[in-house]
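I opened this file to look up how the strands and helices are arranged. My entries follow in the order in which I checked things.

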Amino acid sequence: MPTYPPFPTDDSIPVQDLLVVDYKLLKDGDKAQADILWEAATKWGFWYLKNHAAELYVEPMFQMGRETLALPFEEKMKYWQGNKGASAGYKVAGATYVDVDGNTDVSEFINVSKDDAMAYPRVVHRVYPAPVNIYMKDTIRPFIQTCLEESLILLDVFNDRLGLPKDTLLNLHDRTKHCISEARCIKVPAAPKDTKIALGPHTDVGSVSFLANQLGGLQVLIPDSDGGKWKYVKPIQGYFICNIGDSLNILSGGILKSCTHRVLPPPGAQAGYERWSLVYFSRPTNDVNLEALANQSALVAEAVQNADKAIYFSGMTAAQCIPVQDLLVVDYKLLKEGDKDQADILWEAATKWGFWYLKNHEAERYVEPMFKMGRETLALPFDEKMRYWQGNKGASAGFLCWFYEEADGVLSRYKAAGSAYVDVDGSTDASEFINVAKDDAMAYPRVVHKAYPATVNTYMVNVIRPFIHTCLEESRVLMDVFNHKLGLPKDTLINLHDHTKYCISETRCIKVPAAPKGTKMALGQHTDYGSLSFLANRLGGLQVLIPDNDGSKWKYVKPIEGYFICNIGDTLTILSGGILKSCTHRVVPPPGAQAGHERWSLVYFVRPTNDVYLEALVNQSALVAEASQNVDKATYFPGLTAAQWFVKKQTQYRTDKDKVRF
């Protein structure tokens with residue numbers, strides 16, 4: 001075993017104190033140890049486990065990892081885990097993002113499936129490199145078998161404390177059935193001075209994780225612990241570091257805590273060494289429905305009574321379990337009435353993440369009729385739709401006529417599939433949509449910018465116009481909160497979004513076809529150009545990349561019936577000097593069985609009036625002035641009007657296909 005410098009004792013290194021559970025005593029039924037485990041799992045979600053039986057396999061598992069990851073790169077890549085969601089196999093360094101700036105991780109690892117190890121030499125999921133096979137029977141299988149036994153002891157305690165029928169949790173983790181449980185051996189190279197994060201903030205997707213490591217680097221973010229600061233977890237020889245994952249958090253209705261953690265370079269002198277870690281991830285069997293066990297436990301039922309149903313009733317099995325971004329929920333009805341708590345929730349969401357749910361909004365009654373308008377319009381013959389093509393000069397619905405491209409002499413509002421890039425390889429999008437300008441809808445039947453297909457005109461007065469009008473009213477309520485919190489003169493933001501003046505605000509109805517296997521992204525990563533977006537969709541597919549919150553991976557935003565998904569756009573970020581966050585997002589095929597269906601979305605984009613000069617409002621707000629003091633001036637003082645900004649951003653995504661003349 002290699003010799004490493006000790007973990008530093010410097011007071012400047014923040015260390016999270018964890019409770020210690022004695023596995024031997026716990027297995028023997030010691031009530032005091034069960035109490036310690038319950039306290040740790042329900043308060044922090046992390047604890048140490050000593051006197052565990054898997055320790056004798058830890059060093060041989062590290063030896064397996066060293067031999068496997070020392071293979072030539074070409075050999076390791078024969079066992080690559082791929083990019084379709086599979087986990088077992090080799091994971092190459094640089095495969096995941098660690099932050100929103102696009103920096104990638106520096107870790108590589110080998111995953112061995114529980115199913116493959118227990119069935120060896122029979123292949124269940126995949127084959128492995130020769131060093132893995134050499135260690136399979138005498139090291140990997142007994143290590144996994146021992147971790148399985150230990151996980152069942154922990155689950156039995158949780159089962160009892162949650163008041164569940166006997167063996168409920170054990171049956172949901174039936175070791176005889178297929179699951180995504182696995183052992184992982186991880187190598188992180190010695191950290192140079194300017195090293196990036198090894199693994200970004202995240203929660204584990206499974207039930208319980210067992211970690212053995214010999215160097216520091218793991219950090220946890222414990223709620224209500226010293227102000228929510230990141231703290232190191234000190235590795236202790238012979239101890240597992242254990243934590244609760246998302247699946248147990250869901251099944252328990254949030255009682256068992258799944259805590260955010262990340263991996264940084266080891267502190268102090270340890271930074272000069274390779275960092276090796278060994279983990280066993282215990283996960284439910286693949287067919288388990290992930291939902292709070294409210295019908296089997298009064299404690300769980302009480303816990304989820306006032307909780308967000310989207311979190312604890314995911315509608316997915318464990319095998320389908322996907323990373324989902326938790327969003328704050330703003331009650332529009334209460335916000336409109338001046339509720340301070342709702343204003344605080346909105347402010348927190350807009351300044352930390354830039355995304356939130358909006359419930360009890362008044363536009364819901366128009367959503368289904370708007371989808372009907374979209375279905376009828378996008379069902380028109382292609383030649384008919386192309387008469388209303390939006391062109392390639394940066395135009396979109398509601399934009400000034402002199403920016404439009406003409407198609408057969410008709411100013412266009414239809415966007416064809418394949419007219420926007422989704423990645424740097426030049427892959428194009430699969431979506432088509434119809435845009436209707438706010439200016440045209442409010443002035444109808446007078447034409448402000450352009451004419452629309454008959455299917456749009458049919459719905460203009462009784463559906464499109466009231467939908468847009470309602471979204472405008474709701475945006476004013478949100479703007480008023482931002483205006484107040486930013487310390488701006490009364491109505492500053494509302495005046496910059498004067499709905500009586502021309503602007504590029506528009507509503508959009510989008511169709512993405514059912515996703516075949518290997519389908520491309522529906523819409524590449526981007527931020528919205530405007531100020532606010534209101535999204536209604538029926539299927540998943542929207543993903544966000546939130547700064548400092550699991551920035552290592554994209555997360556889905558689950559659609560909730562009757563809720564808008566709202567987000568901040570670039571222009572509000574600029575005007576606020578970066579205080580309001582415009583978050584990167586993208587659209588991928590819906591997860592699971594939803595991929596077999598057409599995906600329809602409805603959006604209203606709120607944008608400033610065309611003549612608004614985009615710059616941070618430093619002369620009108622001390623808060624904005626302070627925020628803008630040390631920022632990139634090119635970002636918050638772009639020197640463009642809202643109309644010019646829109647054209648600049650819109651044309652960046654257009655392809656040659658969208659430059660065809662008809």
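Entry 1, the mixed sheet. I am working from a predicted model. I looked first at an open sheet of eight strands, and I read its order as β1-β2-β10-β7-β12-β5-β4-β3, with mixed pairing. Which strands stand at its edges? I found β1 and β3 (89–91) there; each has a single partner strand, so one side of each is left without a neighbour in the sheet. From one strand to the next, the twist averages 25°.

I then looked up the helices on this sheet. Helix α2 (residues 31–43) packs on it and touches β1, β2 and β10. The direction of α2 makes about 145° with that of β1. Helix α3 (residues 58–69) also packs on the sheet, where it touches β3, β4 (108–113), β5 (182–188), β7 and β12 (275–282). For α3 I noted an angle of about 110° with the direction of β12.

Entry 2, pairings around β2. Strand β2 spans residues 46–50, and I counted it as mostly covered, since four of its five residues are buried. On one pairing, strand β1 (residues 20–22) and β2 are parallel over three bridges. Here V21 stands opposite L49 in β2. With strand β10 (residues 240–244), β2 pairs in the antiparallel sense over four bridges. In that pairing I found W47 opposite C242 of β10. I followed β10 on to strand β7 (residues 208–213): four bridges join the two, which run antiparallel. There I noted I241 of β10 as the bridge partner of L211.

As a reminder to myself, strands of a sheet pair through backbone hydrogen bonds, either parallel or antiparallel.

Entry 3, a four-stranded sheet. I looked up a second open sheet, with the order β6-β11-β8-β9 and antiparallel pairing. Its edges are β6 (199–202) and β9 (230–232); as each has a single partner strand, one side of each is left without a neighbour in the sheet. The average twist is 20° from one strand to the next. I checked one pair in it: strand β8 (residues 218–221) and β9 run antiparallel and are joined by three bridges. The bridge partner of Q219 in β9 is Y232.

Entry 4, strand β28. Is β28 enclosed by the rest of the structure or left open? I found eight of the eight residues of β28 (residues 599–606) buried, so the strand is largely enclosed by the rest of the structure. I also sorted its residues by direction. R599, S601, V603 and F605 point one way, while W600, L602, Y604 and V606 point the other way, and all are buried.

I then checked the partners of β28. Strand β21 (residues 506–512) runs antiparallel to β28 and is joined to it by seven bridges. Strand β23 (residues 532–537) pairs with β28 in the antiparallel sense over six bridges. I looked up V603 in particular: it is the bridge partner of R508 and also of L535.

Entry 5, a helix pair. I looked up helix α13 (residues 367–378) against helix α16 (residues 454–486). Their axes come within 10 Å and cross at roughly 160°. The two helices are therefore roughly antiparallel to each other, the cut-off for that term being over 145 degrees. I noted the crossing of α13 past α16 as left-handed. On the α13 side, the contact is made by P369, M370, K372, M373, E376 and T377. On the α16 side, it is made by T455, V456, Y459, V463, I464 and F467.

Entry 6, one residue. I picked T573, which lies in helix α18 (residues 570–575). Is T573 buried or exposed? Its relative accessible area is 12%, so I entered T573 as buried, the limit being under 20%. Leaving aside neighbours within four places in sequence, I found T573 in contact with I568, G578, L580, K581, S582 and Y636.

Entry 7, chain totals. I closed with the protein chain as a whole. Its secondary structure comes to 21 helices and 30 strands. Of its 662 residues, 57% are buried. The chain exposes about 27300 Å², and carbon and sulfur atoms supply 52% of that area. Among contacts with a separation of 6 or more, I noted that 77% join residues 24 or more positions apart.

How values were computed
Residues are numbered from 1 along each chain as its sequence is written. This is a predicted model: local features need pLDDT of at least 70, side-chain atom pairs count only at pLDDT 80 or more; totals for chains, interfaces and linings use all residues. Side-chain values use heavy atoms; hydrogens and water are left out. Buried means under 20% relative accessible area, exposed over 50%, partly exposed in between (1.4 Å probe, protein chains only). Two strands pair if DSSP finds at least two bridges between them. Contact means heavy atoms within 4.5 Å. Accessible areas come from the Shrake-Rupley method with a 1.4 Å probe; for residues, only the protein chains shown count as cover. Axes are lines fitted to C-alpha atoms, for helices over the stretch in contact, and angles run from 0 to 180 degrees between N-to-C directions. Angles under 35 degrees count as roughly parallel, over 145 as roughly antiparallel, 65 to 115 as roughly perpendicular and the rest as oblique. A crossing is left-handed if the near helix is turned anticlockwise from the far one by less than a right angle, and right-handed if clockwise.
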